[in-house]
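Dear colleague,

Below is the structure I am handing over to you. Please have it open while you read the notes that follow.

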Amino acid sequence: MEKTSSTSLARTKSDQLVETLSAAFKSPVSSEATGASDGGGTLSRKSSRRLLMAASPGRSGSSGKNTHIRKSRSAQLKLDLEEVSSGAALSRASSASLGLSFSFTGFTMPPDEIADSKPFSDDDIPEDIEAGTRDHKPKFQTEPTLPIYLKFTDVTYKVIIKGMTTPTVEKDILNGITGSVNPGEVLALMGPSGSGKTTLLNLLGGRLMQATVGGSITYNDQPYSKFLKSKIGFVTQDDVLLPHLTVKETLRYAALLRLPKTLTKEQKEKRAIDVIYELGLERCQDTMIGGSFVRGVSGGERKRVCIGNEIIINPSLLFLDEPTSGLDSTTALKIVKMLQDIAEAGKTVVTTIHQPSSRLFHKFDKLILLGKGSLLYFGKASEAMVYFSSIGCTPLIAMNPAEFLLDLANGNLNEVSVPSELQDRVQMENTENDTTNGKPTPAVVHEYLVEAYETRVVEKMKKKLMAPIPLDEEIKSKVSTPKRQWGAGWCEQYSILFRRGLKERRHDYFSWLRITQVLSTAVILGLLWWQSDSKSPKGLQDQAGLLFFIAVFWSFFPIFTAIFTFPQERAMLSKERAADMYRLSAYFLARTTSDLPLDLFLPVLFLLVVYFMAGLRMSAYAFFLSMLTIFLSIVAAQGLGLAIGATLMDLKKATTLASVTIMTFMLAGGYFVKKVPVFISWIRFMSFNYHTYKLLLKIQYEDISPTVNGMKTDCGLIEVGALVAMVFGYRFLAYLSLRRMKLYSGA
């Protein structure tokens, strides 16, 4: 056993993963064969457990009497194992080298070996009730993951601040950040608020690509390419989900859109179910996600659904932006343990973290500490305290390592020893601005920490990053493929998005508030125009007023509904388009056509009440033509609302512009002003109120009078053509606005 452990320690974690994953890509073999061949040279978590458990007394007997003995011995053995294997990352890497059949949360062990390994599974940590039990969850198998080594050197990022009265200023967000993370590792980005954690995460994930970005970011020594979108999972800080879909529906649609075309629909749906059980979401799989005004799943469950949306594609790189924010300590620990399991499957995990607990901190393999956009530390998380002790910063009391590091990043030296070099510097300068209560100011502390890291560590780190990664050129070249990989064809994307749109928005369209609004308006109109007579000139004029109100109501109502469409869905659209879930054209067409069936319900209900109460022309021909005219007006008004919303993407500006536009169209609609000056008469032909009103007059009175209320009841083809042109023209303008808009830089 000594020989085995010494051989294992001589091999690095990256070498083990490279050998395993490279062999998988060249000639896939069974887990058993690989485990047998590597068994003599690798001290894995699985094999070491077997060896150590064999020496534990009471393993073969009943578990009743010797439970406390086994727990104490297994805890002691766990400590011994951690000392031998030099940290969690090494044992995770060696466990990945045992076999090639990976799951999203690590390798699969037989039930008897799972039972044997229970003493090592953090039994002292209470199980989160909402997370469900993890004992009997099936671990689904996936193809081996393409290993991706992420390196970044001297990464800088600036933003240009343009002021109305002040000159343009460049502000540095990141200053020369250098680091790396390999498959099988979890890298934590830590720092106080405003230190640049999220910006760095977006840069590494390919979400920010601008001229103000400097430095080098490589994936297997290759620059970023569109191919990587299908290999990167990105969990944003905000849980961007559709509130009216259930957990199962959310993951099912993600699987259908994102998984490769080589899988059948049944295989994709099975993958979604597997993820539900893998993440402990089976208890809430039929519960709606919920939102601000809709009750749904809890915060921890929402976060796990967001993670499930990304790991469902078996990503090589997984980025998470503060996945534990807003969660209690136990749920946060479950999330981080899940990230560990994901890394064990040979994936590269990078996450930002905000003030983790001590238990969470020790789960990370590597750590980047940022302060005001500068790098204060990069290396193993377990060696962070040792490094800061070497530069004279040591906590004077026992404290959480994460709190200690965040205090340093903020320049706070309370309850922290002041380095002698920093004391000497302050005494030599002897200025009041450099001290507060006898201690250096945060600015001085920050400058000292940056200088200390640059002089002691940076050059050595850059030399290490210069070394090529141990991967075949064939595997490296896969990353640089410029071609995108769509999970579904255009027609399939349209069909999936159409069905998803119907399920999501049926709750809004069929809400009692909206139905009551339309019905009450219809009843009031019916009572005011109760059985009006069109035979007399006065009755004819009254009915013309009713028809004009109908034309205005069914343009005003849909335009203000459509304005909110794209501004409200911008976050979801940005997230899904950045991940290449679908083409923009498929989304746009599905989004606009999925509303059409829902748009028919309320106008039919409205016209059934008004038409017969008001005593309009009793003819099936006239009724259905009136319905068709109103429907055409609705679709045209919706197009204008979509165009305004997509162009401005600001609800206040869009609402203001729509109010002015609809008022102008109403005034030019032909009811208030009969004779419009020539120089402004073109507005009338742009008004869908004018064309709708004219068509309704023709349908009702073409047999009664050639002119009604100053409007000619001619053939009506021009009006129909104008409305149809508006239906397609406004929507095309909305599509161009979405196409030109930067949903995510680089998306």
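**The second largest pocket**

The lining of the second largest pocket is made up of 13 nonpolar, nine polar and ten charged residues. Please keep in mind throughout that this is a predicted model.

In total, 32 residues line the second largest pocket, and its volume is about 980 Å³. Which residues lie nearest its centre? They are Pro243, Glu504, Asp508, Gln568 and Glu569. At least two lining residues come from each of the helices α19 (490-509), α21 (537-562), α22 (565-578), α23 (584-593) and α25 (620-648). Of the lining, the largest share belongs to α22, with five residues.

**Helix α23**

One of the helices that supply the lining of this pocket is α23. How many of its ten residues are buried? Eight of them are, so α23 counts as mostly covered, buried meaning under 20% relative accessible area. The buried residues are Leu584, Ala586, Tyr587, Phe588, Ala590, Arg591, Thr592 and Thr593. Among the elements that cover them are α19, α22, α24 (595-613), α25 and α29.

**How confident the prediction is**

Over the chain, the mean pLDDT is 81, and 79% of the residues reach 70 or more. Which elements have the lowest and the highest mean pLDDT? Helix α4 (residues 45-54) has the lowest, at 37, and strand β5 (residues 186-190) has the highest, at 97.

There are two stretches to treat with care. Residues 1-14 stay under a pLDDT of 50, and the model gives them 28 contacts beyond four places in sequence. Residues 25-142 also stay under 50, with 204 contacts beyond four places in sequence.

**The nonpolar cores**

The largest nonpolar core holds 105 residues, and the members that touch the most others in it are Leu150 and Phe388. Helix α17 (residues 442-466) gives this core its largest share, ten residues.

What does leucine 150 touch, leaving out residues up to four places away in sequence? Its partners are Gly179, Ser180, Val181, Leu204, Ile217, Thr218, Tyr219, Leu317, Phe319 and Val350. Apart from the largest core there is another, of 37 residues, which includes Phe548, Val609, Met627 and Met711.

Serine 180, one of the partners of leucine 150, is part of strand β4 (residues 169-181). Is serine 180 buried or exposed? Its relative accessible area is 10%, under the 20% cut-off, so serine 180 is buried. Beyond its neighbours within four places in sequence, serine 180 is in contact with Leu150, Lys151, Phe152, Lys366, Phe378 and Leu465.

**Two residues with a positive phi**

Most residues other than glycine have a negative phi. Two residues here go the other way.

Aspartate 154 is not a glycine, yet its phi is positive, about 50°. It sits in strand β3 (residues 150-161). With 32% relative accessibility, aspartate 154 falls between the 20% and 50% limits and therefore counts as partly exposed.

Glutamate 415 also has a positive phi, near 60°. Where does glutamate 415 lie? It is in the loop between α15 (401-409) and α16 (420-429). Glutamate 415 is partly exposed because its relative accessible area of 45% is neither under 20% nor over 50%.

**Valine 720 and threonine 707**

Valine 720 belongs to helix α29 (residues 717-740), which is among the elements covering the buried residues of α23. At 34% relative accessibility, valine 720 is classed as partly exposed. Setting aside residues up to four places away in sequence, valine 720 touches Leu632 and Leu695. Its C-alpha atom is 7.6 Å from that of histidine 691, although the two residues are 29 residues apart along the chain.

Threonine 707 is found in strand β14 (residues 707-708). Its relative accessible area is 40%, so threonine 707 is partly exposed. Not counting residues up to four places away in sequence, threonine 707 touches Lys712 and Thr713. Leucine 697 is ten residues from threonine 707 along the chain, and their C-alpha atoms are separated by 9.1 Å.

Regards

Technical notes
Residues numbered from 1 in each chain as written. Predicted model: local features only at pLDDT ≥ 70, side-chain atom pairs only at ≥ 80, totals over all residues. Heavy atoms only, no water. 1 Å grid on protein atoms, 1.4 Å probe; cavity = no way out; pocket = protein on both sides within 12 Å on 5 of 7 lines; lining within 4 Å. Points joined across faces, edges and corners; volume = space filled by probe spheres on them. Helix = DSSP H or I, 4+ residues; strand = E, 2+ residues; numbered from the N terminus. Nonpolar A, V, L, I, M, F, W, Y, C, P; charged D, E, K, R; others polar. Core = buried A, V, L, I, M, F, W, Y, C linked by side-chain atoms within 4.5 Å. Buried < 20%, exposed > 50% of the residue type's maximum accessible area, 1.4 Å probe, protein only. Contact = heavy atoms within 4.5 Å. pLDDT = per-residue confidence, 0-100.
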